[in-house]
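Reader: I would like to learn how to read a structure from its computed features. Where do we begin?

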Amino acid sequence: MIQAINSALDVMLGRDPMVVVMGEDVGYFGGVFRATQGLQAKHGRTRVFDTPINECGIVGVAVGMGAYGLRPVPEIQFADYIYPALDQIVSEAVRIRYRSAGEYWIPITIRSPLGGGIFGGQTHSQSPEGVFTHVTGLKTVIPSNPYDAKGLLIAAIEDNDPVLFFEPKRIYNGPFDGHYDRPVTPWSAHPAGEVPDDYYRIPLGKAAVAREGNAFTILAYGTMVHVAIAFCEENGVDAEVIDLRTLVPLDVDTITASVEKTGRCMIVHEATRTGGFGAELSATVQERCFYALEAPIERVTGWDTPYPHGLEWGYFPGPIRLREAAKRLMEA
Amino acid sequence: MTSQDGDARRNLPPLALHVPEPKFRPGDAVDFADFEMPVAGAVDRPPTDSASRDMAGHVYAMVRVLDDEGRAIGPWNPGLDPDRLRRMLREMLTVRAFDERLHRAQRQGKTSFYVSSTGEEATAIGAAHALDPDDMCFPSYRQQGLLIARGWPLADMMCQVFSNSGDRMKGRQMPVMYSARAASFFTISGNLATQYPQAVGWAMASAIRGDTRIAAAWCGEGSTAEGDFHSALIFASVYRVPVVLTITNNQWAISSFSGFAGGESTTFAARALGYGIAGLRVDGNDILAVYAATAWASERARAGHGPTLIEQFTYRAEGHSTSDDPSRYRPSEERNLWPLGDPIKRLAQHLTTLGEWDDERHAALEAEVVAEVREAAREAEAQGVLGDGFRHHPMETMFEDVFEEMPKHLQEQRDQMLAEYKASGL
Ligand SMILES: Cc1ncc(C[n+]2csc(CCOP(=O)(O)OP(=O)(O)O)c2C)c(N)n1
């Protein structure tokens with residue numbers, strides 16, 4: 001997935017002179033996850049560059065560049081470090097179009113790795129998407145595979161509104177089935193690991209049916225898409241897995257079509273539970289599919305604690321938790 | 001249209017963006033010939049009640065006590081007795097052996113991550129000796145030397161690194177994110193520079209309560225770019241806070257050289273001037289200079305003359321962490337050619353010059369600390385390593401300490417977790 005993201009940035013730097021890429025360690029070094037490797041050498045030091053360690057500044061100057069007409073793609077090294085930039089995102093970037101009645105707009109795409117499963121402890125594991133989906137004027141994208149990551153990132157960069165592009169770091173190098181004790185399978189063995197070199201887009205706001213089924217619907221995104229699919233395959237569960245891809249704007253039609261078909265719904269995310277994006281999904285399904293539901297909606301999420309280093313695999317909503325939730329869902 | 005305001009080109013030369021670039025990249029020959037070596041003993045020692053602007057020169061100069069021959073000279077020479085110097089040497093050697101051991105343990109899969117402080121040992125050990133043992137430390141992740149100088153058990157630190165059953169942090173924190181309240185050592189955060197305003201706040205509290213303890217904080221030069229650094233300085237200045245703020249300028253912030261924190265245009269100590277804070281720039285590989293500057297700052301703080309910002313000029317000899325490969329962005333020989341040398345060698349040379357040390361004793365001391373570290377590692381590893389399972393602490397402990405008292409929704413989640421694990425036969 002790293003190569004796909006690198007390719008999307010490369011394609012866009014080549015196509016559009018207004019695109020600039022910046023962030024901590026993204027220049028010469030190519031990023032701590034190598035997502036920008038080789039881009040500075042190819043596109044030059046004023047198109048791809050390192051920044052001071054100041055997330056507020058990184059986003060703040062990106063807003064200014066966006067106001068000028070560039071399409072900045074700032075990187076926040078870990079989603080856990082996005083909070084110093086909160087004011088520039090929440091009070092500024094997302095409101096400038098509105099407060100200037102369209103005189104100004106901020107076409108920036110903030111990239112940031114999120115999620116756990118790499119023993120990153122409390123400060124390299126969080127999934128803060130729910131903090132941002134609550135903010136209007138901001139689009140939030142979380143890809144689950146290399147093919148989507150490239151197409152969605154290109155669409156995000158071309159979008160004229162601020163986009164937060166969260167990259168689940170646990171699946172940078174291969175899909176993850178939720179079993180921490182098994183070897184990692186590389187993307188090369190996965191159909192969505194095949195990524196065309198050229199430009200293509202995947203529209204924001206469109207979910208994908210990642211696996212078809214009839215028993216119940218699983219709503220997931222990012223890493224959890226793979227955990228959900230593996231759970232179905234391993235247990236012979238005939239569930240339908242919807243990969244949301246974009247959280248805001250949400251593809252409500254794909255969700256409701258699936259839940260109306262299956263009559264049951266499980267929501268899976270790694271982020272903490274209370275006020276998480278799952279709550280929004282649950283409310284949406286309840287509002288739209290109430291008469292089709294045959295059981296209460298199940299939410300499988302990270303616990304409402306910080307991400308513990310040593311107990312990471314007790315925290316992570318893995319196969320055991322999906323199995324128990326599926327039982328409850330089907331027994332009801 | 002190329003910008004939101006149109007393409008308003010006038011008959012003026014085009015602007016150009018400056019992007020800093022370090023002197024040497026991999027493949028370049030490293031040559032520090034144009035490094036202007038500050039003269040040891042040359043910088044005056046101002047009275048500790050000096051106004052910031054009256055000692056403005058100190059933010060551009062560099063306090064050095066040890067000269068090339070290992071003699072301690074000039075007004076900053078703290079005149080420490082040989083026993084104290086030998087203790088400092090022993091502690092620096094312990095930090096180095098500790099780092100080597102745990103770096104290796106990470107490579108062996110015994111833990112997930114480790115951060116060494118190799119080459120920077122003097123900045124923590126020297127400071128710890130100059131502060132009182134109950135002065136409150138707000139460190140970054142690279143000041144393990146503070147704990148070691150305060151006599152904290154090595155095995156306890158290692159248990160934290162292994163997230164094992166002996167880990168007082170219950171396996172919750174990433175390796176090296178120690179906490180030791182009994183050593184007046186604050187819990188370390190992974191979020192850079194957050195400890196800076198916290199240290200200022202702690203010291204404000206100490207002043208509000210008429211206490212006698214001061215606070216001290218450390219961060220890297222890269223972290224000085226964060227807003228929290230500047231928030232700390234303005235509060236420290238306004239309330240004349242009894243705090244010692246140290247920047248360990250080890251030249252590199254992961255792959256970014258100090259130029260990306262503003263180091264091309266000025267020194268880090270000079271950040272003090274705009275805030276009216278006393279600033280000192282110090283040879284961080286000269287433990288006597290580190291000690292003397294920190295002692296000056298703590299004397300100033302205790303006497304009510306306010307904060308000091310100290311830049312410790314040093315070099316990060318190893319990678320940023322075990323996740324880093326520095327040969328990708330800087331020449332490997334840079335560390336060997338670093339003009340300010342190695343802090344351990346320099347103190348050993350000084351002791352030798354005094355007639356208080358020799359190679360034989362040095363080798364014996366090295367062997368002694370390596371054995372001590374090995375023994376501590378054995379003790380710690382007997383309590384488990386990260387690699388051999390994730391159940392050193394009962395799973396349900398995860399829910400403790402989120403709040404003082406566990407609210408109902410967390411109790412329910414805990415019970416659900418236990419029931420689900422039980423149902424699946426675990
Ligand atoms: C708020 C925040 N942003 C980014 C990071 C990622 N990060 C961890 S260490 C580091 C470099 C810090 O360099 P410096 O302050 O010079 O300290 P050093 O590691 O050299 O001691 C970065 C960018 C972080 N931990 N916290």
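Author: Begin with contacts. In chain A, residues 24 or more positions apart account for 77% of the contacts with a separation of 6 or more. Keep in mind that this is a predicted model.

Reader: What share do residues 24 or more positions apart have in chain B?

Author: In chain B they account for 74% of the contacts with a separation of 6 or more.

Reader: How many helices and strands does chain A have?

Author: Chain A has 12 helices and 12 strands. Its radius of gyration is 19 Å, and the globule rule gives 20 Å for 332 residues, so chain A is as compact as a globular protein of that length. Its C-alpha trace spans about 60 × 45 × 35 Å along the principal axes.

Reader: And what are the counts for chain B?

Author: Chain B holds 12 helices and seven strands. A compact globule of 426 residues would have a radius of gyration near 22 Å; chain B has 23 Å, which agrees. The principal axes of its C-alpha trace give spans of about 75 × 70 × 55 Å.

Reader: Next, burial. What percentage of the residues of chain A count as buried?

Author: Buried means under 20% relative accessible area. In chain A, 65% of the 332 residues count as buried. In chain B, buried residues make up 56% of the 426.

Reader: How much accessible surface does each chain have?

Author: For chain A, about 11500 Å², with 51% belonging to carbon and sulfur atoms. For chain B, about 18000 Å², with 50% belonging to carbon and sulfur atoms.

Reader: How do I read the charges? How far apart are the mean positions of the positive and negative charges in chain A?

Author: Count each sign, then compare the centres. Chain A has 28 positive and 40 negative charges, and their mean positions are 1 Å apart. Chain B has 43 positive and 59 negative side chains, with the centres of the two sets 3 Å apart.

Reader: On to domains. Which residues form the domains of chain A?

Author: Read the bounds, then the spacing. Domain 1 of chain A covers 2-178 + 181-193, and domain 2 covers 208-331. Their C-alpha centres lie 25 Å apart. Contact runs between 31 residues of domain 1 and 26 residues of domain 2 of chain A.

Reader: How is chain B divided?

Author: Domain 1 of chain B is 52-323 + 332-389, and domain 2 is 395-424. Taken over C-alpha atoms, the centres of these two domains of chain B are separated by 38 Å.

Reader: Show me a helix. What is the general idea?

Author: An α-helix has 3.6 residues a turn, so residues three or four places apart point the same way. Now the case here. Helix H4 of chain A spans residues 86-93, and its buried residues are Ile89(A), Ser91(A) and Ala93(A).

Reader: What covers the buried residues of H4(A)?

Author: The cover includes helix H3 (55-68), helix H5 (96-99), strand S4 (109-114) and helix H6 (129-133) of chain A.

Reader: Now loops. Where is Leu204(A)?

Author: Leu204(A) is in the loop between strand S6 (163-168) and strand S7 (208-211) of chain A. It is buried, with a relative accessible area of 17%. Leu204(A) and Ala156(A) are 48 residues apart in sequence, yet 7.2 Å apart in space, C-alpha to C-alpha. Beyond its neighbours up to four places away in sequence, Leu204(A) touches residues including Leu152(A), Ala156(A), Val163(A) and Thr246(A).

Reader: Is Arg142(B) buried or exposed?

Author: Buried, at 6% relative accessibility. Arg142(B) sits in the loop between strand S1 (136-138) and helix H3 (144-149) of chain B. Among the residues it touches are Glu120(B), Asn250(B), Arg316(B) and His320(B). Its C-alpha atom is 9.9 Å from that of Ile188(B), 46 residues apart along the chain.

Reader: Which residues does Ser140(B) touch?

Author: Leaving out residues up to four places away in sequence, Ser140(B) touches Ile188(B), Gln195(B), Trp218(B) and Cys219(B). Ser140(B) lies in the loop between S1 and H3 of chain B. At 9% relative accessibility, it counts as buried.

Reader: Last one. Where is Asp324(B) found?

Author: In the loop between strand S7 (308-313) and helix H9 (334-337) of chain B. Asp324(B) counts as buried, at 11% relative accessibility. The residues Asp324(B) touches include Phe29(A), Ile254(B), Arg316(B) and Tyr329(B).

How values were computed. Residues are numbered from 1 along each chain as its sequence is written. Chains are lettered from A and ligands numbered from 1 in the order in which they are written. This is a predicted model: local features need pLDDT of at least 70, side-chain atom pairs count only at pLDDT 80 or more; totals for chains, interfaces and linings use all residues. Side-chain values use heavy atoms; hydrogens and water are left out. Helices (H or I, at least four residues) and strands (E, at least two) are DSSP runs, numbered from the N terminus. The radius of gyration is taken over C-alpha atoms; the globule rule is 2.2 Å times the number of residues to the power 0.38. Buried means under 20% relative accessible area, exposed over 50%, partly exposed in between (1.4 Å probe, protein chains only). Contact means heavy atoms within 4.5 Å. Accessible areas come from the Shrake-Rupley method with a 1.4 Å probe; for residues, only the protein chains shown count as cover. Lys and Arg count as positive and Asp and Glu as negative; His and the chain ends are not counted. The place of a charge is taken as NZ of Lys, CZ of Arg, CG of Asp or CD of Glu. Domain bounds come from an automatic or database domain assignment.
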